[in-house]
Amino acid sequence: MSEKGSSDRKASRPTGGDSINNLLPQGFESLLPFVDQWGGLQSQTDRYLKRQASTMDELRRFHGASAPLLEKVFAHLDRFPFDENLPDKEGRLFRLMLGLIEAAQAVEIFKTPRVPHTPYPHTNFTVEEMS
Amino acid sequence: MAKSNQTSPKKFLKAKDFDLVRDRVPVENYTSQKIFEEERDKVFRPSWLYVGRESEVLDKGSYFTRDLPTLKTSIIVVRGDDQVIRAFHNSCSHRGVSVAESGCGKARTFRCPYHAWVYKNNGQLINVPCENDFPQIDKERHGLKSLSIASWNGFIFVNLDEKPKQSLDEFLGEFGVTYDGVPFDQYPYSFRVVLPIECNWKSMIDAFSEGYHLSFLHEKTLKDQTATAENPFIHYLDPRFMGLHQVATLERNYEWVPTEPVQVFVLNTMPASHTLDLSNNNKLASIMEHPGVNPSNVVNFSADNATVFPNLQIQFMVNGYLTHQFWPVAPDKMIMETRIYSATKPKTFREKFASAYIQSSARDVVTEDSSMSVLQQKGLTSGGNEYIYFGENELMLRKFADVLAEYID
């Protein structure tokens with residue numbers, strides 16, 4: 001991680017009894033370096049803002065580490081009942097993947113963190129699930 | 001090409017084929033306070049305005065609130081205990097406070113939080129504390145103030161006119177007849193994006209009424225999925241003009257295959273019934289079976305884009321539909337609401353991921369458009385331009401400007 005990453009750690013580090021090695025389910029240790037930055041972001045807007053504030057290098061590292069694991073991640077997560085809350089570690093892993101969505105927009109589509117010609121930060125919309 | 005586009009050249013129709021001669025409009029149409037007020041008073045006030053789906057008020061007492069920002073009107077749409085769907089101003093007869101909290105829910109009664117006046121879900125005023133102190137209030141005559149309301153195919157419209165000049169059916173005319181029976185109810189799941197934009201409302205309608213910009217502005221997002229060798233500038237095909245309203249067909253490039261890993265994963269994950277199923281060119285969904293949708297049988301059909309005057313667009317898609325709604329609030333300010341409807345909800349975390357991806361990419365594409373409209377407003381306000389020009393290929397924009405002019409001139 002960059003120096004910036006480690007300085008942000010204080011603010012977003014999950015609390016409780018978990019040690020750093022215990023934050024993700026077994027087999028996903030390679031994603032631990034991204035937990036501080038992405039694992040705690042709860043909303044699409046938080047993750048979109050994080051993408052806008054990241055450098056391309058940061059986004060490429062995150063995308064490069066996590067995109068190849070998509071199949072393995074969802075093979076694991078889809079063993080849990082969909083209508084219940086995921087356990088802490090799995091919830092964190094799922095939020096990392098939701099973060100990957102934003103990183104992928106930058107890395108795979110735009111080749112730049114922000115939507116071109118759009119003022120930064122761009123937040124003035126709301127998204128609402130209906131049913 | 002494996003699946004060639006069978007569209008015949010006659011479907012590449014241009015403005016001149018319809019005598020749409022309005023090749024420019026004055027810039028002030030997009031900047032002037034006076035024209036904004038005329039649009040508000042002469043177009044929005046007497047028109048039928050879409051506010052929501054009947055499926056949002058399925059049960060007795062279910063309701064939603066809606067703001068009509070152009071008219072500064074706040075309404076409640078509620079299904080009464082008698083099963084009748086009504087619309088009311090969200091305003092207590094006493095001193096005007098909103099009686100329903102904004103959002104949606106179920107209520108047998110609405111109780112004003114200020115002095116606890118209570119209304120039944122049919123609007124009737126049933127309780128006034130210390131009623132003796134209000135000899136001027138006849139409960140029979142002081143229910144919630146209702147608005148004219150009507151439905152078409154599950155779409156609920158209201159009209160600010162107490163006695164609308166036209167019924168909703170008359171207002172929708174040929175459009176309503178052509179698309180009667182489209183099974184919108186088979187796509188009950190939706191998400192909604194609300195986006196305030198610092199631009200004139202017509203700029204966003206214009207953006208969604210031509211495909212010309214897709215190859216350029218959306219070069220990274222939509223171009224490859226949309227542009228074909230036969231139609232590199234992505235003209236909308238087969239324009240159909242139906243009174244105030246209009247529809248045209250948009251193609252998709254089914255030869256496009258994603259190669260980036262997250263895109264590939266999403267494509268492989270989306271259930272076949274998903275709204276934006278990029279992989280599926282089969283007419284699985286019944287929306288496609290309706291004779292009004294894709295009437296010229298474009299093989300690589302992507303969507304029919306309908307503009308329902310004055311401020312609604314409906315896109316009929318292979319596996320669902322979406323609505324865009326455009327609310328002017330000032331010459332240079334608008335609010336856009338987009339809803340994307342699909343047949344099924346995600347049932348696994350993998351599908352939830354794919355659905356979240358679709359939401360993010362839809363947001364980014366709309367952001368590309370809205371950012372252009374903001375820059376457009378800045379340019380128009382600068383004062384250097386006299387006109388906005390509409391090409392032969394921008395015939396839907398010409399038609400919309402024609403219809404507006406009929407109301408205002």
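The following dialogue examines a predicted model of two protein chains, A and B.

Trainee: How are residues, chains and atoms treated here?
Mentor: Residues are numbered from 1 along each chain as its sequence is written, chains are lettered from A and ligands numbered from 1 in the order in which they are written, and side-chain values use heavy atoms, with hydrogens and water left out. Because this is a predicted model, local features need pLDDT of at least 70 and side-chain atom pairs count only at pLDDT 80 or more, whereas totals for chains, interfaces and linings use all residues.

Trainee: In what order do the elements of chain A run?
Mentor: Helices (H or I, at least four residues) and strands (E, at least two) are DSSP runs, numbered from the N terminus. Chain A has six helices and one strand. From the N terminus on, the order is α-α-α-α-α-α-β.

Trainee: What percentage of the residues in chain A is buried?
Mentor: A residue is buried under 20% relative accessible area, exposed over 50%, and partly exposed in between (1.4 Å probe, protein chains only). Among the 131 residues of chain A, the buried share is 47%.

Trainee: How many residues of each chain take part in the contact between chain A and chain B?
Mentor: Contact means heavy atoms within 4.5 Å. Buried area is the accessible area (1.4 Å probe) that two parts lose on being put together, summed over both; for chain A and chain B this is about 3600 Å², with 61% of it on carbon and sulfur atoms. The residues in contact are 41 of chain A and 38 of chain B.

Trainee: Which element gives the most to the side of chain A that touches chain B?
Mentor: Between the two chains, 11 residue pairs are in polar contact, both residues being at pLDDT 80 or more. A polar contact is a pair of N or O atoms within 3.5 Å; within protein, one must be able to donate a hydrogen and the other to accept it, and residues adjacent in sequence count only if both atoms are side-chain atoms. On the side of chain A that touches chain B, two or more residues each come from α3 (44-53), α5 (70-77), α6 (88-110) and β1 (126-129) of chain A. The element that gives the most, with 11 residues, is α6(A).

Trainee: Which residue of chain B meets E71(A) in a salt bridge?
Mentor: A salt bridge is a side-chain nitrogen of Lys or Arg within 4 Å of a carboxyl oxygen of Asp or Glu. The rule finds five salt bridges across the interface of chain A and chain B. With an N to O distance of 2.9 Å, the side chain of E71(A) meets that of R350(B).

Trainee: With which side chain does the side chain of T118(A) make a polar contact?
Mentor: T118(A) lies in the loop between α6 and β1 of chain A. T118(A) counts as buried because its relative accessible area is 13%. Not counting residues up to four places away in sequence, T118(A) touches T367(B) and S371(B). The polar contact, at 2.6 Å, is with S371(B).

Trainee: Is E39(B) buried or exposed?
Mentor: E39(B) belongs to helix α1 (residues 33-44) of chain B. Its side chain is joined to that of K202(B) by a polar contact of 2.7 Å. Beyond neighbours within four places in sequence, the contacts of E39(B) include W201(B) and L404(B). Because its relative accessibility is 2%, E39(B) counts as buried.
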